[in-house]
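Colleague: Please show me the structure, and then let us go through some questions about it together.

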Amino acid sequence: MRVLVVASPLTGHVLPLVPLALALRDAGAEVVVATAGDGVAVCPPQLSPTDVAPGLRLGPLFGRIMLRHPLLARRELAGRGGTTAVGLLFGALGARTAAGTVALADRWRPDLVVHEPLAPAGVEAAARLDVPAVLVEGNLFDAGRLRDAALAVYAPARGLTAPPPPVETVTTAPPSLVGPREGRPVRFLPWAPDRPFDERYARPGIRPRVLVSRSTVSSPGRDRLMADVAAAAAGTGLDVVLVRPERWVTRRRLPPQVTTTDWLPFPRVLPAAAGVVHHGGAGTLLTALAAGTPQLVVRGAGDRRTNADLVAARGAGIAVDPGGVTAAVLERLVGDPGLAGAAREVAAEMAAMPAPAEVVPRLLDLAGAGR
């Protein structure tokens with residue numbers, strides 16, 4: 001059985017697919033991941049990551065689109081662009097990856113295509129070969145809505161008429177955050193490569209430890225999140241750790257309770273942390289939820305505002321606007337028993353969902369039926 005996994009060329013779009021792809025491989029399927037750019041770099045080599053758009057540069061592409069839609073760009077930067085902006089961006093990006101994805105599918109002849117919502121080339125590849133497609137949710141937005149938004153731009157550009165619906169949708173978002181979702185629930189399993197790291201961060205420290213993460217996606221201007229957290233940490237009794245800080249942040253003198261470190265595998269270190277501060281990306285957010293770690297989320301562009309507000313509404317974290325990180329907020333993050341209790345509840349909810357290996361037989365049955 002051959003399975004083609006299709007993901008947009010960004011770290012946060014590839015990593016959520018890795019546990020399911022590995023489970024398919026462990027069940028005996030041959031698996032190839034079609035992506036590009038950063039997606040190739042972060043994908044495990046045993047999944048045969050294939051660059052379907054060599055030399056692709058996302059920044060200029062997204063920049064040109066947003067320059068043509070200045071009002072929408074403003075709303076998107078504020079996290080209020082809905083699915084219109086994401087459809088424009090990822091529909092166009094999908095069209096750039098389409099030729100390579102379709103050529104790979106034609107050459108390799110998969111029995112099943114698994115894709116994330118913002119990888120519409122996966123829809124075309126499955127339709128072209130008349131094989132089943134499985135849609136895998138990778139964030140807190142409804143996967144079907146995101147798929148439709150991207151296809152609204154992608155399909156006309158590619159001459160794709162009446163794209164067939166997926167035969168199955170896999171949903172990972174905890175229902176207590178997003179409400180009931182259509183599709184087959186599966187546990188979100190955070191994944192990180194097996195690389196050396198400072199293992200003291202996998203153990204609780206003497207003082208409450210707060211990890212601070214920044215986005216894997218570049219944004220216009222300086223991201224002040226880490227600098228703001230460092231300034232707010234001064235005078236607190238916390239051990240604040242900036243993970244992969246930008247150079248301009250470390251050039252300044254940091255308070256004594258603030259340290260820096262290189263890359264960390266968040267699935268291994270978050271359970272030992274008292275809290276995490278981050279930008280609102282779905283990967284970091286879901287990894288923190290799975291670990292039962294309270295989180296402070298700074299609202300931002302794209303889905304980050306929605307993600308922050310959903311976590312805050314559930315009580316498993318705090319949402320603030322940029323510039324809203326204070327010493328009092330940091331101390332509440334690690335000291336509020338309500339936040340810790342809600343975070344543990346969501347972790348238990350996620351742990352009770354079926355593991356990827358448990359849904360693989362169903363997916364392989366679908367592939368077999370499509371033969």
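Colleague: Which backbone oxygen lies 2.7 Å from a polar atom of the side chain of arginine 305?
Modeller: This is a predicted model, in which local features need pLDDT of at least 70 and side-chain atom pairs count only at pLDDT 80 or more, while totals for chains, interfaces and linings use all residues. Residues are numbered from 1 along each chain as its sequence is written, and side-chain values use heavy atoms, with hydrogens and water left out. Among the residues in contact with arginine 305 (heavy atoms within 4.5 Å), leaving aside neighbours within four places in sequence, are Gly79, Arg80 and Ala78. The backbone oxygen 2.7 Å from a polar atom of the arginine 305 side chain is that of alanine 78.

Colleague: Does arginine 305 count as buried or exposed?
Modeller: Arginine 305 has its place in helix 14 (residues 304-314), a helix being a DSSP run of H or I with at least four residues, numbered from the N terminus. Buried means under 20% relative accessible area and exposed over 50%, with partly exposed in between, using a 1.4 Å probe and protein chains only. Because its relative accessibility is 15%, arginine 305 counts as buried.

Colleague: Which residues touch the most other members of the largest nonpolar core?
Modeller: A nonpolar core is a set of buried Ala, Val, Leu, Ile, Met, Phe, Trp, Tyr and Cys residues joined through side-chain atoms within 4.5 Å. Valine 114, leaving aside neighbours within four places in sequence, is in contact with residues including Leu20, Val134 and Val136. Of the 28 residues in the largest nonpolar core, those that touch the most other members are Val3, Leu24 and Val114.

Methods: Helix = DSSP H or I, 4+ residues; strand = E, 2+ residues; numbered from the N terminus. Polar contact = N/O pair within 3.5 Å; in protein donor to acceptor, adjacent residues only side chain to side chain.
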